[in-house]
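Biologist: I am new to this structure and would like a close look at a single part of it. Please take one residue and its surroundings, and then place that part within the whole chain.

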Amino acid sequence: MTAAIGSETRTEDRYYTRVSPTPALIERVEPTVWGSDASAGMLGAQELATHERDGFVTIPQLLTPEEVAGYAAELDRLATAPTVRADDRTVIEKTSNEVRSIFEVHKISEAIGALVADERVAGRARQILGSDVYVHQSRINYKPGFGGGGFYWHSDFETWHAEDGMPIPRAVSISVSLTENYPHNGCLMIMPGSHKTFVSCVGETPEDNYKESLKEQEIGTPDQDSLTALADRHGIAMLTGAAGSATFFDSNCMHGSGNNITPYPRSNIFIVFNSVENTAVEPFYAPKRRPDYIGGRDFTPVPR
């Protein structure tokens, strides 16, 4: 439901976006860590406090070197399989014609499906969200050397709320690195603490926006003044680390990554866990739902 406010239009939804001609900074009311018992999982009290404060926490050695090698081989297999390349779930780079992302990869790959249910992964997500979880989205991201494209600054929750119908920011993502992350090869950048502010964006959602946004996002990107305000307030952290490291980060973190013009590729497995108490409804600010392989509609909890 919309209501006119001066010359602007907004909804009664707290996290309104894409409906006003001017952007807005809206302070979050929900917690970041919903589980309060540090003894109930693998994350310690200090790690949970870091996640609550910064919106993210890094696990230096989530995977063993042997596991990294196995998953890296699986990513190579998927990227070169003709059937996978031709699948609608695969996104091809605009410029290089190389595979950029493969969605719903936990259903395509048995190995990655097993990783999703691994207690080191799903268990930590349950601990952060304080409930059982389901997979809202999974994908693998490839950023090859000499041309891997970046991802402009954005909040995932803004898109998931607007286009997938995720009610509130009670979701957490994990990025598992399968290559060394350097400051210069397009590493993940996050504004620590930005998860506590929702940036309402300008620009109505076009029909089938996902077809273009997965290659290069335009709608749902914050304005430069809002980004500058958040960066001035919080700074920018560059998340580097060895292959096998992982970062859990809140769905409303302002994050992005630059192009990779170095010889050193960067690839990762990306899994989004949403609370079963926060299941998606109809999109808040889009003409229709995105495909299920992008915004999951199977709310079955990940088995323990």
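Modeller: **Ile140 and the core around it**

Leaving aside neighbours within four places in sequence, Ile140 is in contact with Leu75, Leu78, Arg100, Ser101, Ile102, Val105, Ile112, Asn268 and Ile269; contact means heavy atoms within 4.5 Å. The model is a predicted one, in which local features need pLDDT of at least 70 and side-chain atom pairs count only at pLDDT 80 or more, while totals for chains, interfaces and linings use all residues. Residues are numbered from 1 along each chain as its sequence is written, and side-chain values use heavy atoms, with hydrogens and water left out.

Ile140 also belongs to the largest nonpolar core, a set of 39 residues in which Ile140, Ile174, Ile269 and Phe273 have the most contacts inside the core. A nonpolar core here is a set of buried Ala, Val, Leu, Ile, Met, Phe, Trp, Tyr and Cys residues joined through side-chain atoms within 4.5 Å. Buried means under 20% relative accessible area, exposed over 50%, and partly exposed in between, with a 1.4 Å probe and protein chains only. Helix α6, residues 119-129, gives the most to this core, with five residues. Helices (H or I, at least four residues) and strands (E, at least two) are DSSP runs, numbered from the N terminus. A second, separate core has 20 residues, including Met166, Phe198, Ala237 and Phe270.

One of the contacts of Ile140 is Arg100, which lies in strand β6, residues 99-103. Arg100 counts as buried, at 4% relative accessibility. The C-alpha atoms of Arg100 and Ser267 are separated by 9.7 Å, although these residues are 167 residues apart along the chain.

Helix α6 holds another arginine, Arg126. Arg126 is buried as well, with a relative accessible area of 5%. Apart from neighbours within four places in sequence, Arg126 is in contact with Glu119, Ser131, Asp132, Val133, Val302, Pro303 and Arg304.

Now the whole chain. It has nine helices and 15 strands. Its radius of gyration is 18 Å, close to the 19 Å that the globule rule gives for 304 residues, so the chain is as compact as a globular protein of that length. The radius is taken over C-alpha atoms, and the rule is 2.2 Å times the number of residues to the power 0.38. Of the 304 residues, 55% count as buried. Among contacts with a separation of 6 or more, 83% are between residues 24 or more positions apart.
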